[in-house]
Amino acid sequence: PTLTNDKVAHGIAFMILMVWFCGIFDMRFSPWVALTLLCLGILIELAQQQLTYRSAEIGDGLADLAGIGIGWVLAIIGLQHWAARVESWAAPNRS
C-alpha cells in the first residue's frame, strides 16, 4: 500500500504542476512545460540517488510522467484557462 501511495502522490503532484503551468502559460508552450517538468522529476530522482536516506526509483519517474500526461490532457479539455477564470472572478470588470 505504501509503495502505491507514493506513486499516486508523484502522479498527482506532477498532474497539478502541469495543469497549473498550462493555466498560466499559453498552450503552445505546453510541450516545453511538460519537458521542464520531466527534467525536474529526473533531477529529483538523481538528487535522491546521492542521499543515504532516500533512493531513486524508475517507478517514481514513470509516475511523474503519467501525471504530466494526465495534466496535459486535463489542460487540453478545458483546464488551460483556469487562471483567466480565477482572475475574472477575483477582479471583475469595474466599468
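The exercises below, each with a worked solution, concern a predicted model of one protein chain.

**Exercise 1.** Work out how many helices and strands the chain has, and which pattern the chain follows along the sequence.

*Solution.* Begin by counting the elements: there are four helices and zero strands in the chain. Then read along the sequence, where the pattern is α-α-α-α.

**Exercise 2.** Set the radius of gyration of the chain beside that of a compact globule of 95 residues, and describe the extent of the C-alpha trace along its principal axes.

*Solution.* For a compact globule of 95 residues the radius of gyration would be near 12 Å, whereas the chain has 16 Å. Next, take the principal axes, along which the C-alpha trace spans about 60 × 30 × 25 Å. Finally, turn to burial and surface: 25% of the 95 residues count as buried, and the chain exposes about 6600 Å², of which carbon and sulfur atoms supply 72%.

**Exercise 3.** Find the residues of the largest nonpolar core and the elements that give two or more residues to this core.

*Solution.* The largest nonpolar core holds eight residues, namely Phe14, Met18, Cys22, Val33, Ala34, Leu37, Ile68 and Ala75. The elements that contribute two or more residues to this core are α1 (2-24), α2 (30-49) and α3. As background, nonpolar side chains in soluble globular proteins tend to be buried together.

**Exercise 4.** Decide whether glutamine 80 is buried or exposed, and trace the residues that glutamine 80 touches.

*Solution.* First locate glutamine 80, which lies in the loop between α3 and α4 (82-90). The relative accessible area of glutamine 80 is 17%, and because buried means under 20%, glutamine 80 counts as buried. Not counting residues up to four places away in sequence, glutamine 80 touches Cys22, Gly23, Met27 and Ala75. Now approach from the other side: leaving aside neighbours within four places in sequence, cysteine 22 is in contact with Met27, Ser30, Ala75 and Gln80. Cysteine 22 and Ala75 are also among the residues of the largest nonpolar core.

**Exercise 5.** Place glycine 69 in its helix, classify its exposure, and state how far glycine 69 is from phenylalanine 14 in sequence and in space.

*Solution.* Glycine 69 belongs to helix α3, which covers residues 58-76. With a relative accessible area of 32%, glycine 69 is partly exposed, since that class lies between the 20% and 50% limits. Glycine 69 and phenylalanine 14 are 55 residues apart in sequence, while their C-alpha atoms are 8.9 Å apart in space. For the chain as a whole, residues 24 or more positions apart account for 69% of the contacts with a separation of 6 or more.

How values were computed: Residues numbered from 1 in each chain as written. Predicted model: local features only at pLDDT ≥ 70, side-chain atom pairs only at ≥ 80, totals over all residues. Heavy atoms only, no water. Buried < 20%, exposed > 50% of the residue type's maximum accessible area, 1.4 Å probe, protein only. Core = buried A, V, L, I, M, F, W, Y, C linked by side-chain atoms within 4.5 Å. Contact = heavy atoms within 4.5 Å. Rg over C-alpha atoms; globule rule 2.2 N^0.38 Å. Areas by Shrake-Rupley, 256 points an atom, 1.4 Å probe, with all protein chains shown as cover.
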